Amino acid sequence: MTECDAIRPQITALLDGELSLAAIAEVDAHVNGCTACAAVYADIGILKTAARTAAPIPPVDLWTGIGEAIDEADHDMLDTMRLLRQEMQSLREEVAALRQELAKRPASTVSRSTPISLPDAPRKSMSQYRLV
Ligand SMILES: [Zn+2]
């Protein structure tokens, strides 16, 4: 085994901060006198910097990630959140469709005094909701 063969693994260890001061001095002395190992030292340093500064890869499906992280006991809550999210999405679509309908109407028929008819929906008073 050449001195270079012995030093190369130490270069990675040095860049990972895993070497003692004595070992650092040994690697440093070799790298300063060996252009081949100096090039390896520079290349590994560049790779490590690139890996450190690279943006994290976002999860493919955030909800799946959250679901896996949550205990089985919390799955009911997650299902509820999913349903609420779907409901919000459909409400957004309804509002967008209503806005388009309103935009199509001639300006004269749209006035503040025009009563808006809302579908009859059972309304719950706030006292029917219980805070947990
Ligand atoms: Zn060398």
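Let's start with one residue, Val31. Setting aside its neighbours within four places in sequence, Val31 is in contact with Cys37, Ala38 and Tyr41. Keep in mind as you look around that this is a predicted model.

Val31 also belongs to a bigger group. Together with Ile7, Ile11, Leu14, Val27 and Tyr41, Val31 forms the largest nonpolar core, which has 6 residues in all. Two helices, H1 (3–15) and H2 (21–33), each supply at least two residues of this core. The largest share, 3 residues, comes from H1. As a general point, nonpolar side chains in soluble globular proteins tend to be buried together.

Now step back to the whole chain. The secondary structure comes to 5 helices and 0 strands, so if you follow the elements from the N terminus on, you read α-α-α-α-α. The chain has 132 residues, of which 5% count as buried. Among the contacts with a separation of 6 or more, 45% join residues that are 24 or more positions apart.

How do the helices sit against one another? Two packed helices are described by the angle between their axes and the distance between the axes. Let's try this with H1 and H2. These two helices pack at an angle of about 120 degrees, and their axes are 10 Å apart. Because of that angle, H1 is oblique to H2. The crossing of H1 and H2 is left-handed. On the H1 side, the residues that take part are Glu3, Ile7, Gln10, Ile11 and Leu14, and they meet Ala23, Ile24, Val27 and His30 in H2. Sorted by class, this contact has 6 nonpolar, 2 polar and 1 charged residues.

H1 has another partner to look at, helix H3 (residues 35–53). Which angle do H1 and H3 make? They pack at about 25 degrees, with their axes 10 Å apart. That angle is under 35 degrees, which makes H1 roughly parallel to H3. The crossing of H1 and H3 is right-handed.

You can trace this second contact residue by residue. From H1 come Cys4, Ile7, Arg8, Ile11, Thr12 and Leu15, and in H3 they meet Ala36, Cys37, Val40, Tyr41, Ile44, Gly45 and Lys48. By class, the contact of H1 with H3 has 9 nonpolar, 2 polar and 2 charged residues.

Some names come back along the way. Ile7 and Ile11 are part of the largest nonpolar core, take part in the contact of H1 with H2, and appear again where H1 meets H3. Tyr41, a contact of Val31, is a core residue too.

Terms used. Residues are numbered from 1 along each chain as its sequence is written. This is a predicted model: local features need pLDDT of at least 70, side-chain atom pairs count only at pLDDT 80 or more; totals for chains, interfaces and linings use all residues. A nonpolar core is a set of buried Ala, Val, Leu, Ile, Met, Phe, Trp, Tyr and Cys residues joined through C-beta atoms within 7 Å. A residue is buried if 20 or more other C-beta atoms lie within 10 Å of its own, exposed if 12 or fewer, and partly exposed in between; C-beta atoms are placed from the backbone. Helices (H or I, at least four residues) and strands (E, at least two) are DSSP runs, numbered from the N terminus. Two residues are in contact if their C-beta atoms, placed from the backbone, lie within 7 Å. Axes are lines fitted to C-alpha atoms, for helices over the stretch in contact, and angles run from 0 to 180 degrees between N-to-C directions. Angles under 35 degrees count as roughly parallel, over 145 as roughly antiparallel, 65 to 115 as roughly perpendicular and the rest as oblique. A crossing is left-handed if the near helix is turned anticlockwise from the far one by less than a right angle, and right-handed if clockwise. Ala, Val, Leu, Ile, Met, Phe, Trp, Tyr, Cys and Pro count as nonpolar, Asp, Glu, Lys and Arg as charged, and the others, Gly among them, as polar.
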